[in-house]
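Here are a few exercises to work through with the structure open beside you. Try each task before reading its solution.

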Amino acid sequence: MRFMKLSLVAGLLACGFGPVNAGYTPDFNGGVDVKAAVQAAIEAAASAGGLLPEPGRPESAGRVWISMERGDVSALDGALFKRAPVAQNKRLAVYEFETDELDQLSDGMYRTFARAPGFFAHDTLEGALEDLQAAPQPPARAYTLDQAARVKELAALPREEGISAAIRALAAFKNRGYRYATGVDASKWLQKEWVRLAENRPYVSVAPFKHAAFPQESVILTVLGSAEPEKVVVLGGHLDSVAGYGDNPAPGADDNASGAAVTQEIARALLEGGYRPAKTIKFIAFAAEEAGLRGSGEIAAAFKKAGVRVEGMLNLDMTNYKGSERDIYFVSDNSSPEQNAFLGRLIDAYLPYTWGTLKCGYGCSDHASWTKNGYPASYSFESTFEQHNPFIHKATDTLDKCGGNAAHALKFARLGVAYAVELAK
Ligand code: BES
Ligand code: ZN
């Protein structure tokens, strides 16, 4: 505990005085009393309640191996990186961390960079070392648009009310941290909601994906394909939230109740529209994204290991803040250029929206886990990088910052329906 407090202070100081991020105001910037802020952070960490023990894995309990870009490490240059890397190649380095240091790392990175650099966290050293290998390339495939009537009918079904209600419910949990009781409760709540969608539909099932090293579960709703059930299309977004360290209030209404809610609304619209795909569709709410893509990392690796044929993955993370001129932006890195182009064509053909592209940075959200495992993945985002919601990762990431409704998020739900229908046919 003593070690944790010391490193917390050092980390805060390092982060607080790092280069200032364009479009993002660090809490400790601009004449705030740093000493008082640090003291408050220590007290908050010390009194953090609701922290659950990590299940299983006694030999590595509390430890995690992360991989990140070496350039990002040198830019961070905080107390966190006094340690030597366990391994590295030209681009990436692998470090061993205490689980308790992860919040600090993501918070520090977010404050230091003008982009979200991200890192991958693994339960095992072996998993992290695999990151040093080049990612396998997905096989080339054709993308066709020939379901116009079905898409137009089904893409009209998502409702703003459905999305905003789910955002409100998720944001009402004190936080959805992957190690906290309320983060577990939020996952269980979502499972119950999704089970309702499966009722009286024998080809639909809901199951938690239990993670070995932390208590929050990912949630998977499977719509079994009628013709080629072994081929799988994945749509999803992370259900966890974070705001600084520990058990702080983290409503995460935009990041990422909005993406989880859109995922749910796509499933609802398709199922209530009486749609049954030829291929299998899996809707996933990922646990522990904010801790280094740990939930999606484990799931995508498990799918690859089991030989699951994932035809495509669409990541929904931050969908409800209209910060830019265009409606939907596609992240160009750690994603599939061919599938990104297909998504653009879907909008042009079927939806009255405009789109653009942005660059995120190394592995900034769950699509990167699928790309890393050789699957075609895309990430649809609310704005340009510079104009994204400035309240994320704070207690102020609430629905009212997005106009109190889910009008922007609705566009992503309609796109998700079009994507599912044209890819899972
Ligand atoms: N939703 C964000 C990613 C994001 C933020 C994309 C801002 C574009 C603009 C995601 O939940 C997140 O916070 N990711 C972390 C990295 C992750 C590997 C811990 C980040 O960006 O710092
Ligand atoms: Zn985030």
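Axes here are lines fitted to C-alpha atoms, for helices over the stretch in contact, and angles run from 0 to 180 degrees between N-to-C directions. The model is predicted, so keep that in mind as you go.

**Exercise 1.** Find how helix H11 and helix H13 are oriented to each other, and list the residues that join them.

Solution. Start with the axes: those of H11 (residues 337–350) and H13 come within 10 Å and cross at roughly 110°. Next, apply the cut-off: angles of 65 to 115 degrees count as roughly perpendicular. H11 is therefore roughly perpendicular to H13. Then look at the handedness: the crossing of H11 with H13 is right-handed. H11 contributes Gln339, Phe342, Leu343, Leu346, Ile347 and Tyr350 to the contact, while H13 brings Leu415, Ala418, Tyr419, Glu422 and Leu423. Sorted by class, the contact of H11 with H13 has nine nonpolar residues, one polar and one charged.

**Exercise 2.** Work out how H8 is oriented to helix H7, and what classes of residue meet there.

Solution. The H7 (residues 160–171) and H8 axes come within 10 Å, crossing at roughly 150°. Angles over 145 degrees count as roughly antiparallel, and H7 is therefore roughly antiparallel to H8. On the H7 side the contact uses Ala166, Ala169 and Leu170; on the H8 side, Ala186, Trp189 and Leu190. By class, the contact of H7 with H8 has six nonpolar residues, no polar and no charged.

**Exercise 3.** Now take H8 with helix H9: which residues meet, and in what crossing?

Solution. The axes of H8 (residues 181–198) and H9 (residues 253–272) come within 10 Å and cross at roughly 15°. Angles under 35 degrees count as roughly parallel, so H8 and H9 are roughly parallel to each other. H8 passes H9 in a left-handed crossing. From H8, the residues Leu190, Glu193, Trp194 and Leu197 meet Ala260, Thr263, Gln264, Ala267, Arg268 and Leu271 of H9. This contact of H8 with H9 divides into six nonpolar, two polar and two charged residues.

**Exercise 4.** Which protein atoms bind the zinc ion (ligand 2) as donors, and how are the donors arranged?

Solution. The protein donors are Asp255 (OD), Glu290 (OE) twice and His393 (NE2), at 2.0 to 2.6 Å from the zinc ion (ligand 2). Now turn to the angles: the six donor atoms around the zinc ion (ligand 2) subtend 54 to 156°, so the arrangement is irregular. Along the sequence, the donor residues follow the spacing D-x34-E-x102-H. Glu290 sits in the loop between strand S8 (279–286) and helix H10 (294–305), and His393 in the loop between strand S12 (377–381) and helix H13 (407–423), so this pair, 103 residues apart, links distant parts of the chain.

**Exercise 5.** What is notable in the backbone at Asp255 to Asn256 and at Met318?

Solution. Begin with the background: most residues other than glycine have a negative phi, and most peptide bonds are trans. The bond from Asp255 to Asn256 is cis, with omega near 5°, and Asn256 is found in helix H9. Met318 has a positive phi, near 75°, and lies in the loop between strand S9 (309–316) and strand S10 (328–331).

Key. Residues are numbered from 1 along each chain as its sequence is written. Chains are lettered from A and ligands numbered from 1 in the order in which they are written. This is a predicted model: local features need pLDDT of at least 70, side-chain atom pairs count only at pLDDT 80 or more; totals for chains, interfaces and linings use all residues. Side-chain values use heavy atoms; hydrogens and water are left out. Helices (H or I, at least four residues) and strands (E, at least two) are DSSP runs, numbered from the N terminus. A crossing is left-handed if the near helix is turned anticlockwise from the far one by less than a right angle, and right-handed if clockwise. Contact means heavy atoms within 4.5 Å. Ala, Val, Leu, Ile, Met, Phe, Trp, Tyr, Cys and Pro count as nonpolar, Asp, Glu, Lys and Arg as charged, and the others, Gly among them, as polar. Donors are N, O and S atoms within 2.8 Å of the metal (3.2 Å for Na, K and Ca); water is not among the atoms, so sites may look incomplete. Four donors count as tetrahedral if all angles lie between 85 and 135 degrees; four count as square planar and six as octahedral if opposite donors are over 155 degrees apart and all others between 65 and 115; anything else is irregular.
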